[in-house]
Amino acid sequence: MTEPTGCASILIASQGRNMIAVAASANLVAYSDIVDDGPISKASAAVMQMENDRPQIQRLMRRVRNVGGRSILDLAPAFLLDRESLSSCDLIIVNEDEAEALAGWMACGSRFVHVLEY
């Protein structure tokens with residue numbers, strides 16, 4: 001890849017909430033096929049985060065699942081993924097904002113216990 005790496009700044013709002021500004025750069029041009037199946041099948045887990053292109057993340061999740069691997073998804077920043085993609089993850093990492101968004105997508109309100117029962 002010839003694109004520059006990304007950069008993020010995290011600021012704290014007066015109410016104590018995070019405000020994150022991201023210059024994605026190379027993250028948005030990374031694609032699933034850049035990694036062969038060999039290394040994916042030998043890895044104990046593949047870690048993904050939502051600063052990359054969503055269709056590429058979903059494609060990589062399917063590839064990891066197809067070779068019997070484990071997927072770990074950091075759902076930050078919170079972008080909607082389909083039920084199949086979310087179900088293919090072995091572990092989804094969320095902070096408060098992503099947990100609230102995930103609960104809303106699954107129509108279980110803001111009660112995190114319902115997310116665990118999904």
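Accessible areas come from the Shrake-Rupley method with a 1.4 Å probe, and for residues only the protein chains shown count as cover. The exercises below use this idea on a predicted model.

**Exercise 1. Describe the surface and the extent of the chain: how much area does the chain expose, and what share of it do carbon and sulfur atoms supply?**

Solution. Begin with the exposed area, which comes to about 7,700 Å² for the chain, with carbon and sulfur atoms supplying 53% of it. Next, consider the extent of the fold, since the C-alpha atoms fill a box of roughly 45 × 35 × 20 Å when this is taken along the principal axes. Then turn to the charges: the chain carries 10 positive and 15 negative side chains, and the centres of these two sets lie 5 Å apart. Finally, look inward, where 28% of the 118 residues count as buried.

**Exercise 2. Work out in what order the helices and strands of the chain run from the N terminus on, and state where confidence is lowest and where it is highest.**

Solution. Count the elements to begin with, which gives five helices and five strands. Reading from the N terminus on, their order is β-β-α-β-α-β-α-β-α-α. For confidence, start from the whole chain, which averages a pLDDT of 81, while 91% of the residues score at least 70. Then compare the elements: helix α5 (residues 112-117) has the lowest confidence, with a mean of 52, whereas strand β4 (residues 71-74) has the highest, at 93. Where pLDDT is low, the predicted coordinates should not be read in detail.

**Exercise 3. Identify which residues have the most contacts inside the largest nonpolar core, and find which element gives the largest share of this core.**

Solution. The largest nonpolar core is made of 17 residues, and those with the most contacts inside it are Met48, Met50, Ile57, Met61, Leu73, Leu75 and Leu81. Two or more residues of this core come from each of β3 (46-49), α2 (54-66) and α4 (96-105). Of these, α2 gives the largest share, namely four residues. To see one member in its surroundings, take Leu81, which, when residues up to four places away in sequence are not counted, touches Met50, Arg54, Gln58, Met61, Leu73, Leu75 and Leu86.

**Exercise 4. Decide for Ser71, Gln15 and Ser25 whether each residue is buried, exposed or partly exposed, and describe the surroundings of each.**

Solution. Recall the cut-offs, by which buried means under 20% relative accessible area, exposed means over 50%, and partly exposed lies in between.

- Ser71 belongs to strand β4, and because its relative accessibility is 1%, Ser71 counts as buried. Leaving aside neighbours within four places in sequence, its contacts are Ala46, Met48, Met61, Val64, Ser88, Cys89, Asp90 and Leu91.
- Gln15 sits in the loop between β1 (7-12) and β2 (18-23), and because its relative accessibility is 66%, Gln15 counts as exposed. From Gln15 to Ala103 the separation is 88 residues in sequence and 23 Å in space, C-alpha to C-alpha.
- Ser25 is in the loop between β2 and α1 (37-42), and because its relative accessibility is 30%, Ser25 counts as partly exposed. Not counting residues up to four places away in sequence, Ser25 touches Pro4, Thr5 and Gly6, while Ser25 and Ile12, 13 residues apart in sequence, are 23 Å apart in space, C-alpha to C-alpha.

**Exercise 5. Find which two residues a cis peptide bond joins.**

Solution. The cis peptide bond joins Ala76 and Pro77, with omega at about -10°. To place this bond in the fold, note that Pro77 lies in the loop between β4 and α3 (83-88).

Definitions and conventions:
Residues numbered from 1 in each chain as written. Predicted model: local features only at pLDDT ≥ 70, side-chain atom pairs only at ≥ 80, totals over all residues. Heavy atoms only, no water. Buried < 20%, exposed > 50% of the residue type's maximum accessible area, 1.4 Å probe, protein only. Lys, Arg positive; Asp, Glu negative; His and termini not counted. Charge placed at Lys NZ, Arg CZ, Asp CG, Glu CD. pLDDT = per-residue confidence, 0-100. Core = buried A, V, L, I, M, F, W, Y, C linked by side-chain atoms within 4.5 Å. Contact = heavy atoms within 4.5 Å.
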